[in-house]
Amino acid sequence: MPDITLPPELRPADGRFGSGPSKVRQQAVDRLAEVAPHLLGTSHRKPAVKDQVRRIREGLRELFALPAGYEVVLGNGGATLFWDAAAFSLIEHRSAHAVFGEFSSKFAKAVAAAPFLQPPHVMESEPGSYPAVKPVDDVDVYALTHSETSTGVAMPVVRPAFDALVAVDATSAAGGMAFDPSEADAYYFSPQKGFASEGGLWVALLSPPAIEVVARIKQSGRSIPAMLDLSIAIENSRSDQTYNTPAIATVFLMAEQIEWMLGNGGLAWSSQQCATKADHIYQWAQTSDYATPFVTDPSARSPVVCTIDLDDSVAADEVTTVLRANGVLDTEAYRKLGRNQLRFAVFPAVDPADVERLTAAVDFVVERLRA
Ligand SMILES: *Cc1c(COP(=O)(O)O)cnc(C)c1O
């Protein structure tokens, strides 16, 4: 490996630019250490932990300005589990999926494997774009992905039809992209991306029609494993609990991050701040002689996960290796995409000054690698 050392002024104060797990703010970790003796290792059925779940539920209600009747529901297993829960508990007959990367395709596959559902309708586009989502007959759930983390493509959250539910995978978008919550019935995510916490949990903002559908499927007598039964998750969430034991540190760190965002100006602030950081990266790539934004349509570029192609004069692997040796972590592209690419997450916790150092650091490294 080439021996390249970043000068101190080009070293981000915090080198975590991963797309998930992502940077956890040290202040939140310090707070966790302070409260740990009375919180970690205590019962999740007692007020100390239930208060933390309530902080998440009330904080998200405020952050997303949820319309009346929407509920914040959570459980264990992350967004990946939520796909299976949706297959069992949210889709009545058939879903339609916008597929434009690894995560959106995984949800469609989970649904395709459910023997009690019709095969899903798939609307697919090439990586680097998102497909047009048109109304489809006999579909009761549309599956969108607000920010496709594998490709750095963002799509608008807009109802394709009014006679079906809209489920939105917002795992990397949530907290970093403003949207109208009334356009979605299940806006779901994990906390280790925009919410600067650890993995293991899923959170969903459910609309009244979504809650009704969950109850109707349950009453229909479909056999649903308890972990995938959203009616059980809804019931537990209403009393600020999860069905089984959560990671309490995950819950606490997420609650801290939500309140930090609210204290800074809420979703309007965090989405603006992410857009500004992402703009810096896209502008830098556009003016660079070796880098270009992977997503050609500027309006489809994710403001939280930036994918940047490099030309043949420099190997992305070498860049990421040198960056890693200098403490700048997880800038690798999504491997299955197979491109000569860098990927930088600029979630709300990432300091704007560090993003500026990051692009300068990449220039410094590339200049030396090409010398
Ligand atoms: C990370 C990610 C997931 C998977 O989240 P897990 O918590 O690992 O289950 C799903 N969808 C998107 C868009 C993601 O970015």
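This report covers the ligand site and the cysteines of a predicted model.

**Ligand site**

The shell around the ligand is made up of Gly78, Ala79, Thr80, Trp83, Phe103, Ser147, Thr149, Asp169, Thr171, Ser190, Gln192 and Lys193. Sorted by class, these residues are 3 nonpolar, 7 polar and 2 charged. Helix 3, spanning residues 78-89, supplies the largest share of the shell, with 4 residues.

Side chains of Thr80, Gln192 and Lys193 place polar atoms at short range from ligand oxygen atoms, as tabulated here.

| Side chain | Ligand atom | Distance |
|---|---|---|
| Thr80 (N or O atom) | oxygen | 2.6 Å |
| Gln192 (N or O atom) | oxygen | 2.9 Å |
| Lys193 (polar atom) | oxygen | 2.6 Å |

The ligand on its own exposes 390 Å². Of that area, the protein buries 86%.

**Cysteines**

A disulfide is a covalent bond between two cysteine sulfur atoms. The count in this model is 0 disulfides. Why does Cys274 not form a bond with Cys306? The sulfur of Cys306 is the closest cysteine sulfur to that of Cys274, yet the two are 9.3 Å apart, which is too far for a bond. The cut-off for a disulfide is 2.5 Å between sulfur atoms. Cys306 is likewise in no disulfide, and its nearest cysteine sulfur is that of Cys274.

Are these residues buried or exposed? Cys274 is buried, because its relative accessible area is 0%. Cys306 is also buried, with a relative accessible area of 0%. The threshold for buried is under 20%.

Definitions and conventions
Residues are numbered from 1 along each chain as its sequence is written. This is a predicted model: local features need pLDDT of at least 70, side-chain atom pairs count only at pLDDT 80 or more; totals for chains, interfaces and linings use all residues. Side-chain values use heavy atoms; hydrogens and water are left out. A residue is near a molecule or strand if one of its heavy atoms lies within 4 Å of it. A polar contact is a pair of N or O atoms within 3.5 Å; within protein, one must be able to donate a hydrogen and the other to accept it, and residues adjacent in sequence count only if both atoms are side-chain atoms. Accessible areas come from the Shrake-Rupley method with a 1.4 Å probe; for residues, only the protein chains shown count as cover. Helices (H or I, at least four residues) and strands (E, at least two) are DSSP runs, numbered from the N terminus. Ala, Val, Leu, Ile, Met, Phe, Trp, Tyr, Cys and Pro count as nonpolar, Asp, Glu, Lys and Arg as charged, and the others, Gly among them, as polar. Buried means under 20% relative accessible area, exposed over 50%, partly exposed in between (1.4 Å probe, protein chains only).
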